[in-house]
Amino acid sequence: MLRQASHDLTLATRGRGLYDFTDEVVAWVTKGKFQHGLVTLHLRHTSASLLIQENADPDVRVDLESFFKRLVPDGDPIFVHTCEGEDDMPAHVRTALTAVNLSLPLRNGRLALGTWQGIYLWEHRHSPHTRQVALHYIGE
Amino acid sequence: MLRQASHDLTLATRGRGLYDFTDEVVAWVTKGKFQHGLVTLHLRHTSASLLIQENADPDVRVDLESFFKRLVPDGDPIFVHTCEGEDDMPAHVRTALTAVNLSLPLRNGRLALGTWQGIYLWEHRHSPHTRQVALHYIGE
Amino acid sequence: MLRQASHDLTLATRGRGLYDFTDEVVAWVTKGKFQHGLVTLHLRHTSASLLIQENADPDVRVDLESFFKRLVPDGDPIFVHTCEGEDDMPAHVRTALTAVNLSLPLRNGRLALGTWQGIYLWEHRHSPHTRQVALHYIGE
């Protein structure tokens with residue numbers, strides 16, 4: 001019998017960086033006793049991203065940050081939208097280069113993530129923010 | 001009671017730039033009286049993208065365009081696929097760097113978009129094009 | 001009557017490059033006699049991507065590779081995560097810049113792909129790998 005469920009996750013960031021929230025998604029799936037279906041995540045912001053990345057070596061997150069910092073420099077004189085700070089327009093660009101949606105199959109109560117995959121919120125602003133992720137489930 | 005619906009949106013562009021079509025998606029949702037479910041959008045092209053971005057300050061779109069123009073220059077001599085014009089291969093790269101799929105939860109008849117989020121078609125070619133977005137809905 | 005189905009596709013790569021596996025997805029859809037619904041693909045890896053791109057001129061794939069090779073150079077001294085080889089961290093970055101999820105509407109048994117769209121696995125590592133794509137279907 002198919003059913004649906006919705007939930008909002010609220011995540012507090014401490015400034016720019018990658019925050020693993022796989023456990024929060026798994027906790028919601030477990031609590032709802034979802035078994036087989038599709039989990040969708042949508043981030044309701046335009047200066048942060050959702051990312052599935054390696055959860056083993058923390059240096060991967062360091063390097064992702066270094067690369068994006070060089071690719072989309074804060075305070076780049078190319079930008080005219082500067083009223084919200086030097087990191088605001090770079091945050092929008094970083095969001096455009098990544099994603100705000102994720103879709104994950106669920107099987108036997110487990111997300112179809114690979115062994116090394118974690119679900120991350122990527123905060124692109126330097127100051128702490130409160131971010132909301134809309135979750136949706138459809139399945140058995 | 002779960003049900004499905006499908007629709008094709010046809011969007012006319014006037015050349016490179018971001019086109020907000022949130023209203024067209026909302027109109028389809030409203031007409032179908034969809035309440036709780038999942039809306040999926042798929043763009044049937046490889047030289048344009050779907051993007052969720054800030055809909056407040058139009059300078060954000062100007063800056064996104066400036067950044068991508070510099071990152072993926074038209075007429076870049078690195079490209080060998082040039083038969084369709086100087087902006088064709090850059091359009092494919094820009095599409096690869098962004099997305100052609102979006103998934104949006106629907107609750108109480110409203111898309112789970114953030115306050116500042118709009119749904120955009122990003123035309124990457126300079127000449128006007130007709131673009132098709134396949135919409136899918138499953139839910140109540 | 002709505003139903004669900006799941007499947008794992010195993011794809012063998014011969015090193016860095018784009019591999020068209022549209023036919024494998026279509027074969028699964030056909031075998032299951034799926035008609036109207038939503039197909040979701042999730043790649044269970046962090047150093048390869050899923051991409052929808054042009055399937056006509058093979059030069060497009062050559063140019064995509066050239067561009068990403070220049071954008072994210074192997075052996076870039078900016079990276080500290082180098083223990084798995086010069087192409088490992090670039091592979092993670094390329095994955096972050098593209099996607100590991102795709103969502104495709106299905107109508108009358110056909111994926112809502114555009115005329116020139118193919119579904120690709122983009123292997124970012126130089127050595128051959130075995131990659132798994134989790135498929136999910138919900139629909140009629």
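**Three copies around an axis**

In this predicted model, 34 residues of chain A are in contact with 34 residues of chain B. Contact here means heavy atoms within 4.5 Å.

Some housekeeping. Residues are numbered from 1 along each chain as its sequence is written, and chains are lettered from A in the order in which they are written. Local features need pLDDT of at least 70, side-chain atom pairs count only at pLDDT 80 or more, and totals for chains, interfaces and linings use all residues, while side-chain values use heavy atoms, without hydrogens or water.

Now the symmetry. Take chain A and turn it by 120°, with 0.0 Å of shift along the axis; it superposes on chain B with an RMSD of 0.0 Å. The two copies are thus related as by a three-fold rotation axis. Which residue of chain A has its C-alpha nearest that axis? Leu97(A), at 3.3 Å. The fits are least squares, on C-alpha atoms of residues with pLDDT of at least 70 in both copies.

Next pair. A turn of 120° and a shift of 0.0 Å along the axis lay chain B on chain C, RMSD 0.0 Å. In chain B, Leu97(B) comes closest to the rotation axis, its C-alpha 3.3 Å away.

Back to A and B. Do the copies meet through the same or different surfaces? Different, because only 18% of the interface residues of chain A are also interface residues in chain B.

How much area do chain A and chain B bury? About 2700 Å² between them, with 60% of it on carbon and sulfur atoms. That is accessible area (1.4 Å probe) lost on putting the two together, summed over both.

Polar terms next. There are two salt bridges between chain A and chain B; the criterion is a side-chain nitrogen of Lys or Arg within 4 Å of a carboxyl oxygen of Asp or Glu. Arg70(B) and Asp76(A) form a salt bridge through their side chains, 2.6 Å from N to O. Polar contacts link 16 residue pairs across A and B, both residues at pLDDT 80 or more. A polar contact is a pair of N or O atoms within 3.5 Å, one able to donate a hydrogen and the other to accept it; residues adjacent in sequence count only if both atoms are side-chain atoms.

Last, H3(A) gives the most to the side of chain A that touches chain B: six residues. Helices are DSSP runs (H or I, at least four residues), numbered from the N terminus.

How values were computed: Helices (H or I, at least four residues) and strands (E, at least two) are DSSP runs, numbered from the N terminus.
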